Amino acid sequence: MTALEDKQIQRWIDQVAEENPEALTMDGHDNAIIGIARSPGEPSLLAYSRSRILLNLFTRDKMPMEEAVEFFEFNIAGAYMGVGTPVIIDD
């Protein structure tokens with residue numbers, strides 16, 4: 001990631017934290033943040049890219065892609081951690 005991308009991601013993290021103190025982040029996947037999810041009457045949440053999370057698991061964590069997809073589906077996409085749970089965008 002470039003320094004500009006890092007700054008934008010940090011701005012999104014800070015903005016969501018200010019708007020919604022219950023919003024959560026996914027440890028180790030900041031580079032997969034692609035924006036802020038907003039819905040009328042609902043708190044702001046961080047939005048993560050499914051493909052970037054899978055790429056992290058594949059490249060950084062050295063998981064075979066099939067294992068990365070299974071891990072993602074069960075442990076990340078399937079993990080509800082309350083009203084602050086981040087949104088995952090299929091991209």
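Two strands count as paired when DSSP finds at least two bridges between them. The legends below describe close-up views of a predicted model.

**View 1. The open sheet of three strands.** The strands follow the order S1-S2-S3, and their pairing is mixed. Strand S1 (33-37) and strand S3 (87-89) are the edge strands, each pairing on one side only. From one strand to the next, the twist averages 35°.

**View 2. The antiparallel pair S1 and S2.** Strand S2 (residues 45-49) runs antiparallel to S1, and four bridges join the two. Gly35 has Ala47 in S2 as its bridge partner. Ile36 stands opposite Leu46, also in S2. In a regular strand, side chains alternate between the two faces of the sheet. S2 is mostly covered, with five of its five residues buried.

**View 3. The parallel pair S2 and S3.** S2 and S3 run parallel and are joined by three bridges. Ser49 is paired with Ile89 in S3.

**View 4. Helices across the sheet.** Helix H1 (residues 3-19) lies across S1 and S2 and runs at about 30° to S1. Helix H2 (residues 50-60) lies across S1, S2 and S3, and its angle to S2 is about 65°.

**View 5. Leu54 and its contacts.** Leu54 is found in helix H2. Its relative accessible area is 7%, which is under 20%, so Leu54 counts as buried. Leaving aside neighbours within four places in sequence, Leu54 is in contact with Met65, Ala68, Val69 and Phe72. Of these contacts, Phe72 is 18 residues from Leu54 in sequence, and the two are 7.0 Å apart in space, C-alpha to C-alpha.

**View 6. Asn56 and His29.** Asn56 has its place in helix H2, whereas His29 lies in the loop between H1 and S1. Are these two residues buried or exposed? Asn56 is buried because its relative accessible area, 7%, falls under 20%. His29 is buried too, because its value of 5% is under that cut-off. Not counting residues up to four places away in sequence, Asn56 touches Gly28, His29, Asn31, Ala32 and Asp61. With the same sequence neighbours left out, His29 touches Tyr48, Ile53, Asn56, Leu57, Arg60 and Ile76. Asn56 and His29 therefore appear in each other's contact lists, where contact means heavy atoms within 4.5 Å.

**View 7. The largest pocket.** Rolling a probe the size of a water molecule over the atoms shows where empty space is left. The largest pocket has a volume of about 160 Å³. Its lining consists of Thr25, Met26, Asp27, His29, Asn75, Ile76, Ala77, Ala79, Met81, Thr85, Pro86 and Ile88. Which helix gives the most to the lining of the largest pocket? Helix H3 (residues 65-77) does, with three residues. By type, the lining residues divide into seven nonpolar, four polar and one charged. His29, shown in View 6 as a contact of Asn56, is one of the residues that line this pocket. Ile76, which His29 touches, is another lining residue.

Definitions and conventions:
Residues are numbered from 1 along each chain as its sequence is written. This is a predicted model: local features need pLDDT of at least 70, side-chain atom pairs count only at pLDDT 80 or more; totals for chains, interfaces and linings use all residues. Side-chain values use heavy atoms; hydrogens and water are left out. Axes are lines fitted to C-alpha atoms, for helices over the stretch in contact, and angles run from 0 to 180 degrees between N-to-C directions. On a 1 Å grid over the protein atoms alone, a cavity is a set of points where a 1.4 Å probe fits but cannot get out, and a pocket is an open set with protein on both sides within 12 Å along at least five of seven lines; lining residues have an atom within 4 Å of a point. Grid points are joined across faces, edges and corners, and a volume is the space filled by probe spheres set on the points. Ala, Val, Leu, Ile, Met, Phe, Trp, Tyr, Cys and Pro count as nonpolar, Asp, Glu, Lys and Arg as charged, and the others, Gly among them, as polar. Buried means under 20% relative accessible area, exposed over 50%, partly exposed in between (1.4 Å probe, protein chains only).
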